[in-house]
Structures are given as C-alpha cells and as structure tokens.
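The following exercises ask the reader to work through the geometry of one protein model step by step. Each task is followed by a worked solution.

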Amino acid sequence: GFELFEKPMLLDYAKTRSDATVQKEGGEEEFELHKRRRLAEKERKQAQQAAEEQKKLKRPAIPTAADAASSARPAKAARGAGLKSSNPAAGAVVPDEYLPPNKILFVQNLPEDYDVDGLTQIFGRFEGFREVRLVPTRKGIAFVEYEAEAGAISAKESTSGMGLGAESKPIKVTYQRQ
C-alpha cells in the first residue's frame, strides 16, 4: 500500500465482473442474466440483514439483580393494565421489500376485473410457472407460484409496478412471507 491524505491506501481486485465488462465481453443476453443474478443477490443480502436486525431486536436483555427483585410482582401490575408496550421491537416486522426470495409471489393492488386467466397470461411467460391462486375472501390480491426461485425472481423484477386495468393502477409484487 501507499499513503494518500495521511491514510494508508490498500488496493484489491474486484470480486465480481462489473456490468460494463459483462456487457462488453458477453453481449446483451449475458448482461441481462448477470444483472438478474446481481439484483437477486442484493435482495437476498438485504433480506438477510433485515432478519439479523430483527433477531437483535428480539434478543432479551441479560437480567440483573434489580430486575429479579421486581420480577416477583405479577406481570400485569408491573406493566400497567391496558397499556401498550413501549418496546419498539415487539411490533417490528420485516418490510415486504426485504423479504428473502422464494418461489411464491404475493401480488397486491389488482383490479377487480382481473381473473386467473388474465394473471396467467402475465405471469405464465416466465420460466417454471405453476399456477395463480386468487384469494376469494379478499379482492385485489393473488399468489403466483413457480417451480423455482429463479422464475419468481425474474417475474417479480419484470412485473413489479406494472399498470393494470382501465386506470393503469400499478400492482405491487413481493415474495410471500414464510
């Protein structure tokens, strides 16, 4: 290494090929595949980070002697009857955008006039398509299942935010919670 602005500089090689390199050397088809893999890896890392943050929030504190003395009281009296918990971790949930990829997509904001056939036309063009399931008790939501994560990832990337219906209302496509 060498010093730059009184700080040691270390140089290292890239771990993966850049988008520009892939596009130049491999062509458009390989570039699209590279981009899809990179985005899927990014989503997976974000989901993993969110899950780790969730674990940190749920981890209980180490009890002290003072806590042991106060824990002899009943839980309701200690917290106050009818009061909401002041623990922010109690209601923390991983946002839809950071859910880990899986083979089932959750589709929201669908126009009421869309049926299984209409959604099959949209989602059926992606590799490994299995089925579309509408939720009969709730309008505007559906589940789309694929044989593998790869098909679901490409379908999510291509259809998320797509405008449907007379009003071109954008649909929200996320991975199913597990």
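**Exercise 1. Strand pairing around β5**

Which residue in β5 does Leu 105 stand opposite? Describe the pairing of β5 with its partner strands.

Solution. The model is a predicted one, and the solutions below describe that model.

Step 1. The residue opposite Leu 105 is Val 144 in β5.

Step 2. Strand β3 (residues 104-108) pairs with strand β5 (residues 142-146) in the antiparallel sense, over four bridges. Phe 106 in turn faces Phe 143 in β5.

Step 3. β5 also pairs with β4, again in the antiparallel sense, over five bridges. Here Arg 133 stands opposite Phe 143 of β5.

Step 4. In general, the strands of a sheet are joined through backbone hydrogen bonds, in a parallel or an antiparallel manner.

**Exercise 2. The order of the sheet**

State the order of the four strands in the open sheet, and explain why β4 and β8 each have one side without a neighbour in the sheet.

Solution. Step 1. The order is β4-β5-β3-β8, with antiparallel pairing.

Step 2. β4 (129-134) and β8 (172-175) are at the edges and have a single partner strand each, so one side of each lacks a neighbour in the sheet.

Step 3. Direction ignored, neighbouring strands of this sheet are turned against each other by 20 degrees on average.

Step 4. Helix α6 packs on the sheet and touches β3, β5 and β8. The direction of α6 makes about 155 degrees with that of β8.

**Exercise 3. Burial in β5**

Determine whether Glu 145 is buried or exposed, and list the residues that it touches.

Solution. Step 1. Glu 145 is found in strand β5. This strand is mostly covered, with four of its five residues buried.

Step 2. The relative accessible area of Glu 145 is 12%. Because buried means under 20%, Glu 145 counts as buried.

Step 3. Leaving aside residues up to four places away in sequence, Glu 145 touches Lys 103, Ile 104, Gly 128, Phe 129, Arg 130, Glu 131 and Arg 133.

**Exercise 4. The packing of α2 and α6**

At roughly what angle do the axes of α2 and α6 cross, and which residues make the contact?

Solution. Step 1. The axes of helix α2 (residues 28-58) and helix α6 (residues 149-159) come within 11 Å and cross at roughly 95 degrees.

Step 2. Since 65 to 115 degrees counts as roughly perpendicular, α2 is roughly perpendicular to α6.

Step 3. On the side of α2 the contact involves Arg 36, Leu 39, Ala 40 and Glu 43, and on the side of α6 it involves Ile 153, Ser 154, Lys 156 and Glu 157. These residues divide into three nonpolar, one polar and four charged.

Step 4. The buried residues of α6 are Gly 151, Ala 152, Ile 153, Ser 154, Ala 155, Lys 156 and Thr 159. Their cover includes α2, β3, α5 (116-123), β5 and β8.

Step 5. Just after α6, Gly 161 takes a positive phi of about 85 degrees.

**Exercise 5. Positive phi in loops**

Where do Glu 6 and Ser 168 lie? Give the phi and the accessibility class of each residue.

Solution. Step 1. Most residues other than glycine have a negative phi.

Step 2. Glu 6 lies in the loop between β1 (2-4) and β2 (7-9). Although Glu 6 is not a glycine, its phi is positive, at about 60 degrees. With 71% relative accessibility, Glu 6 counts as exposed.

Step 3. Ser 168 is in the loop between β6 (163-164) and β7 (169-170). The phi of Ser 168 is also positive, near 50 degrees. With 46% relative accessibility, Ser 168 counts as partly exposed.

**Exercise 6. The whole chain**

How many helices and strands does the protein have, and what share of its residues is buried?

Solution. Step 1. There are six helices and eight strands. Along the sequence they follow the pattern β-β-α-α-α-α-β-α-β-β-α-β-β-β.

Step 2. Of the 178 residues, 25% count as buried. The accessible surface comes to about 13,300 Å², and 53% of it belongs to carbon and sulfur atoms.

Step 3. Among contacts between residues at least 6 apart in sequence, 61% join residues at least 24 apart. Gln 46 of helix α2 and Tyr 98 are 52 residues apart in sequence, with 5.7 Å between their C-alpha atoms.

Technical notes: Residues numbered from 1 in each chain as written. Predicted model: local features only at pLDDT ≥ 70, side-chain atom pairs only at ≥ 80, totals over all residues. Heavy atoms only, no water. Axes fitted to C-alpha atoms, helices over the stretch in contact; angles between N-to-C directions. Helix = DSSP H or I, 4+ residues; strand = E, 2+ residues; numbered from the N terminus. Parallel < 35°, antiparallel > 145°, perpendicular 65-115°, else oblique. Contact = heavy atoms within 4.5 Å. Nonpolar A, V, L, I, M, F, W, Y, C, P; charged D, E, K, R; others polar. Pairing = 2+ DSSP bridges. Buried < 20%, exposed > 50% of the residue type's maximum accessible area, 1.4 Å probe, protein only. Areas by Shrake-Rupley, 256 points an atom, 1.4 Å probe, with all protein chains shown as cover.
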